[in-house]
Amino acid sequence: MARTGVVIIGGGFGGLTAALSLRDADVVLIDRTNHHCFQPLLYQVATAALSPGDIAWPFRAIFRGQRHVRVMMEEVVRIDRARREVHLHHDGPVPFDTLIVAPGSRHAYFGHDAWESYAPGLKTITDAVHLRERMLLAFEEAEREGHPLTFAIVGGGPTGVELAGALAEIGRRALGPDFPSLRLDDLAIVLIEAGPRILPAFSPDLSARAAGALQRMGVTIKLDTPVTDIRSDGLTIGTEFVRTTNILWAAGNRASPLLASLDVPRDQSGRVKVLPDLSIPGDPHIFVIGDAAHCAGPEGTPLPALAPVAMQQGRYVARLIRLGIPPEKRRPFAYADRGMLSTIGRAQAVAQLGRFRFAGFFAWLLWCGVHIFFLIGFRNRVRVMLEWMWYYVTFKPGARVIYNLAQLSDTARARPQR
Ligand SMILES: Cc1cc2nc3c(=O)[nH]c(=O)nc-3n(C[C@H](O)[C@H](O)[C@H](O)COP(=O)(O)OP(=O)(O)OC[C@H]3O[C@@H](n4cnc5c(N)ncnc54)[C@H](O)[C@@H]3O)c2cc1C
């Protein structure tokens, strides 16, 4: 293969923004999936409010007609700095002059990897469809058997809060009336947080308002309660055992294991400790961005794992490459923090925008507007807006189809090989 200019690993918020900003370079974008996934709305796919196609956009559609970007659907297994190549799972190595590493992170189980099979996390479209499947099947089973239904969500950050709120709403208002023998009082949703409050990145007053809103929706919040064990029939928090097979994991992240092959210092979460220009120590033409990077903010603490951080870093690195700025003339990356939003449920959210902090309907409207604005593709924006309006008026989630994935994969396994 001929020597290429820029290779980008990962087409998430960071890698995609970099590729779109590198108009004049020869770019190879490698991603193990064929689509960009809008992770902030994954929980809506997991709770059957949106369909997978509403929040994912194929790379080949994004880069249609843009000849400077070549898309490869492949898994990168190793980066060879000495030979300036990335090694792939199937194809031969891809050479690079400049490399942007943006493979993001995956949920982490604090050393208890076995918990994953009982408490799946939410990071990809596949995860979301898997969770949706489990949730819908749990409702079907509870209806059939007539037994109570408990969902336990581990982690009180934005994802845990969003999942708890959406489940409470769907369970109590939308799915309930469709399952006549299911007593709604039998539905329990428990949100478990190891720290002293939910949404710890927000101010204490907004955390308290989010907690109040969730409790009014029927969610039980357990604070200061780290999970000590997860089994097939439930989880242990402190001395209490919560019996449930519906456990969702929304706590802890670990950066991609691929980063180990760069052989540079990393932090406890596996993120590469990048230099102020986001390059790695000793190699000014390899950059690490987004959730994979440990980039110190103004107070010395690492910047949060947020989409705007990854996007701004993608744009910053693309500019350095486009203008060919040498290392000694590069200005450090500076994150422009425009605030944080988290939704709790229908018509309820919290917003922290600098000195302005508010909760409720207007925060939710802002949350809707921001998410529609950042979705990729006009079609997706219109479809998501229509789905939300429909749900707002009718309380009927639109994507409640069970594919029966487990059965499908059994059938696929049983198919004779030619
Ligand atoms: C459920 C959820 C909700 C979130 N909500 C919000 C929110 O409301 N607001 C907000 O700002 N942020 C939110 N985030 C965080 C935000 O999505 C991330 O910070 C952001 O996606 C990081 O971008 P990235 O480019 O670093 O990685 P990602 O967007 O994760 O992209 C990584 C890409 O790399 C690919 N990849 C990984 N490994 C390989 C490999 N070995 N070979 C090839 N390809 C590979 C993946 O397929 C993926 O496409 C949320 C995240 C999740 C999971």
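**Is Leu278 buried or exposed, and on what value does this rest?**

Solution. The model is predicted.
- Step 1: take the relative accessibility, which is 0% for Leu278.
- Step 2: apply the cut-off. Buried means under 20% relative accessible area.
- Step 3: conclude. Leu278 counts as buried because its relative accessibility is 0%.
- Step 4: add the setting. Leu278 sits in the loop between strand E19 (272-273) and strand E20 (279-280). Its phi is near 70°, a positive value in a residue other than glycine.

**Exercise 2. Find where Ala347 lies, then describe its backbone and its exposure**.

Solution.
- Step 1: locate Ala347. The loop between strand E23 (340-345) and strand E24 (348-353) holds this residue.
- Step 2: check phi. Ala347 is not a glycine, yet its phi is positive, about 65°.
- Step 3: check exposure. Ala347 has 16% relative accessibility, so it counts as buried.

**Exercise 3. Describe the division of the chain into domains and the contact between them**.

Solution.
- Step 1: list the parts. Domain 1 is made of 6-32 + 74-107 + 253-329, and domain 2 covers 113-251.
- Step 2: place the centres. Taken over C-alpha atoms, the centres of domain 1 and domain 2 are 34 Å apart.
- Step 3: count the contact residues. Domain 1 supplies five residues to the contact and domain 2 supplies eight residues.

**Exercise 4. Work out where the largest nonpolar core lies relative to the two domains**.

Solution.
- Step 1: get its membership. The largest nonpolar core has 64 residues. Leu41, Phe151, Ile189 and Leu214 have the most contacts inside it.
- Step 2: find the main contributor. Helix H4 (residues 125-145) gives the most to this core, with nine residues.
- Step 3: compare with the domains. Both domain 1 and domain 2 give residues to this core, so it lies between them.
- Step 4: look for another core. One of 56 residues lies apart from it, and its members include Phe59, Val274, Ile321 and Tyr335.
- Step 5: recall the general tendency. In soluble globular proteins, nonpolar side chains tend to be buried together.

**Exercise 5. Trace the surroundings of Leu191 and link them to Leu214**.

Solution.
- Step 1: place Leu191. Strand E12 (residues 187-192) contains it.
- Step 2: judge exposure. Leu191 has a relative accessible area of 0%, so it is buried.
- Step 3: list contacts, leaving out residues up to four places away in sequence. Leu191 touches Ile153, Gly155, Gly156, Gly160, Val161, Ala164, Ile198, Leu214, Val219, Thr220, Ile221 and Lys222.
- Step 4: take one of these contacts. Gly155 is 36 residues from Leu191 along the chain, and their C-alpha atoms are separated by 7.1 Å.
- Step 5: turn to Leu214. With the same sequence neighbours left out, Leu214 touches Val161, Ala164, Gly165, Leu191, Ile198, Val219, Ile221 and Ile344.

**Exercise 6. Which residues and elements surround the ligand, and how much of the ligand is buried?**

Solution.
- Step 1: count the shell. The ligand is surrounded by 28 residues. The closest are Gly14, Asp31, Gln39, Val76 and Asp291.
- Step 2: pick out polar pairs. A polar backbone atom of Val76 is 2.9 Å from a nitrogen atom of the ligand. A backbone N or O atom of Ala305 lies 3.3 Å from a ligand oxygen atom. For Leu306, a backbone N or O atom also lies 3.3 Å from an oxygen atom of the ligand.
- Step 3: take the areas. The ligand alone exposes 990 Å², and the protein buries 90% of that.
- Step 4: name the elements. Helix H1 (13-21), strand E2 (27-31) and helix H7 (307-323) each give two or more residues to the shell. H7 gives the most, with three residues.
- Step 5: look at H1. Eight of its nine residues are buried. Among them are Phe13, Gly14, Leu16 and Ser21.

**Exercise 7. Set out the location, exposure and contacts of Gln312 and of Thr236**.

Solution.
- Step 1: Gln312 is in helix H7. Its relative accessibility is 13%, so Gln312 counts as buried.
- Step 2: beyond four places in sequence, Gln312 is in contact with Phe333, Ala334, Tyr335, Ala336 and Arg338.
- Step 3: Thr236 lies in strand E15 (residues 234-237). Thr236 counts as buried because its relative accessibility is 19%, and the cut-off is under 20%.
- Step 4: beyond four places in sequence, Thr236 touches Pro226, Val227, Thr228, Asp229 and Phe241.

How values were computed:
Residues are numbered from 1 along each chain as its sequence is written. This is a predicted model: local features need pLDDT of at least 70, side-chain atom pairs count only at pLDDT 80 or more; totals for chains, interfaces and linings use all residues. Side-chain values use heavy atoms; hydrogens and water are left out. A nonpolar core is a set of buried Ala, Val, Leu, Ile, Met, Phe, Trp, Tyr and Cys residues joined through side-chain atoms within 4.5 Å. Buried means under 20% relative accessible area, exposed over 50%, partly exposed in between (1.4 Å probe, protein chains only). Helices (H or I, at least four residues) and strands (E, at least two) are DSSP runs, numbered from the N terminus. Domain bounds come from an automatic or database domain assignment. Contact means heavy atoms within 4.5 Å. A residue is near a molecule or strand if one of its heavy atoms lies within 4 Å of it. A polar contact is a pair of N or O atoms within 3.5 Å; within protein, one must be able to donate a hydrogen and the other to accept it, and residues adjacent in sequence count only if both atoms are side-chain atoms. Accessible areas come from the Shrake-Rupley method with a 1.4 Å probe; for residues, only the protein chains shown count as cover.
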